[in-house]
Amino acid sequence: FIIVILIQSQANSLGPSGVIIQGICGQLLCLFSAFVVVAFPRYGYYTAIAMNLFTMGMVIMRIVHFGMSTAVTGLLTTVSTIILISIIYTFNKRIIKNNQELTEANNILKEKDEKLTYLAYYDILTGLPNRQLFIERIDEAIGTSAPFTVISANIDNFKNINNELGNNAGDAVLCSYSKKLKKLCGNSIFLARINGDEFGFILYGKESEAAILNYIDTIKEVISEPIKFNDIKLNITMSFGIALYPLNATDSTEMLKCVSSALAVSKANGKNTHYFYNNNMIM
């Protein structure tokens, strides 16, 4: 900017070509001022104003002290530049403000979308995946054509807990066992709360009957520890229904029907036990 001003100040000694050089220099100063305002929104405007006021002072000095009437054009150019960069600065501020508002609005929408997604796929009370996500995971597993096992674990006599001790006791039981069951799940096991007092497990990969029963025994061992609620010890048991893919069913709807049928048999035969689905069960 200073170099251009120096060139512009010496252009008068170049005769007629000096007028052209002065015009070019004026345009360069204007472009540079506009660039500074846009490139550095916070301080660029004030820097550009200071530079142009300095230029204006030099032009006024040439007009007053040296009587250079040709410098009036330079004065008008400088004033026009100040007006131009002021307009750019004002609109640039508006654009920045609008962008900030849009960014904030997008962040709010993103947060709301994440909350809606969470509500659609996760249980609020326990934080576990819900039935919808459980079904989608079954569909995904079926899509790979790899074998897997679905286990339904239902808390025995859960209604009695709610009726005798209140819903808070029931919620405490669900939350406590959700935390315990989570610890039994790694990358190869998916856990969800698929009903009020029912949990669902997906055991990925081909598992032997002995391995499945061993896992159920592990669950039984974990839930056998009593839960305290208002100084009352609650001894909980679970009933289990088991279905295998692709042996018992080939889609998520049928898989859930199979595992529900196996669970119903388990409940009907004294609870606190397990049953594998077979074709003789009524779905």
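A salt bridge is a side-chain nitrogen of Lys or Arg within 4 Å of a carboxyl oxygen of Asp or Glu. The structure holds five salt bridges. The model is predicted, so local features need pLDDT of at least 70 and side-chain atom pairs count only at pLDDT 80 or more, while totals for chains, interfaces and linings use all residues. Residues are numbered from 1 along each chain as its sequence is written, and side-chain values use heavy atoms, with hydrogens and water left out.

**Exercise 1. Salt bridges**

Task: State where the partners of the salt bridge between Arg-193 and Asp-123 lie, and whether they are buried or exposed.

Solution.
Step 1. The closest N and O atoms of Arg-193 and Asp-123 are 3.0 Å apart.
Step 2. Arg-193 belongs to strand S2 and Asp-123 to the loop between H4 and H5, so this pair ties together parts that are 70 residues apart in sequence. Helices (H or I, at least four residues) and strands (E, at least two) are DSSP runs, numbered from the N terminus.
Step 3. Arg-193 and Asp-123 are both buried. Buried means under 20% relative accessible area, exposed over 50%, and partly exposed in between (1.4 Å probe, protein chains only).

Task: Treat the pairs Arg-137 with Glu-140 and Lys-180 with Glu-225 in the same manner.

Solution.
Step 1. Arg-137 and Glu-140 form a salt bridge at 3.3 Å, N to O. The two are three residues apart in helix H5, and therefore separated by about one helical turn.
Step 2. Arg-137 has a relative accessible area of 24% and is partly exposed. Glu-140 is partly exposed too, at 46%.
Step 3. For Lys-180 and Glu-225 the N to O distance is 3.7 Å. Lys-180 sits in helix H7 and Glu-225 in the loop between H8 and S4, so the pair ties together parts that are 45 residues apart in sequence.
Step 4. Lys-180 counts as buried at 18% relative accessibility, whereas Glu-225, at 46%, counts as partly exposed.

**Exercise 2. The nonpolar cores**

Task: Find which residues touch the most other members of the largest nonpolar core, and which element gives the most to this core.

Solution.
Step 1. A nonpolar core is a set of buried Ala, Val, Leu, Ile, Met, Phe, Trp, Tyr and Cys residues joined through side-chain atoms within 4.5 Å.
Step 2. The largest core has 32 residues, and those touching the most other members are Ile-151, Val-173, Leu-181, Phe-199, Phe-201, Ile-219 and Met-238.
Step 3. Elements that each supply at least two residues of this core include strand S1 (148-155), helix H7 (167-182) and strand S6 (238-245). Helix H8 gives the most, with six residues.
Step 4. Take Val-173 as an example. Not counting residues up to four places away in sequence, Val-173 touches Ile-155, Phe-158, Ile-161, Ile-227, Leu-234 and Ile-236. Contact here means heavy atoms within 4.5 Å.
Step 5. Another core, of 20 residues, lies apart from this one; among its members are Leu-133, Ala-192, Leu-256 and Val-259.

**Exercise 3. Two buried polar residues**

Task: Describe the surroundings of Ser-152 and Asn-248.

Solution.
Step 1. Ser-152 is in strand S1. Its relative accessible area is 1%, so Ser-152 is buried.
Step 2. Beyond four places in sequence, the residues that Ser-152 touches include Ile-194, Phe-199, Gly-241 and Leu-263.
Step 3. The side chains of Ser-152 and Glu-198 make a polar contact at 2.3 Å. A polar contact is a pair of N or O atoms within 3.5 Å; within protein, one must be able to donate a hydrogen and the other to accept it, and residues adjacent in sequence count only if both atoms are side-chain atoms.
Step 4. Asn-248 occupies the loop between S6 and helix H9 (252-268). With a relative accessible area of 16%, Asn-248 is buried.
Step 5. The Asn-248 side chain reaches the backbone nitrogen of Leu-244 at 2.7 Å. Leaving aside neighbours within four places in sequence, Asn-248 is in contact with Ala-243, Cys-258 and Tyr-277.

**Exercise 4. Backbone geometry**

Task: Identify which peptide bond is cis, and give phi for Lys-271 and Asn-272.

Solution.
Step 1. The bond from Tyr-245 to Pro-246 is cis, with omega near 5°. Pro-246 is in the loop between S6 and H9.
Step 2. Lys-271 has phi near 65°, a positive value in a residue other than glycine. For Asn-272, phi is near 50°, also positive.
Step 3. Lys-271 lies in the loop between H9 and strand S7 (274-276), and Asn-272 lies in the loop between H9 and S7.
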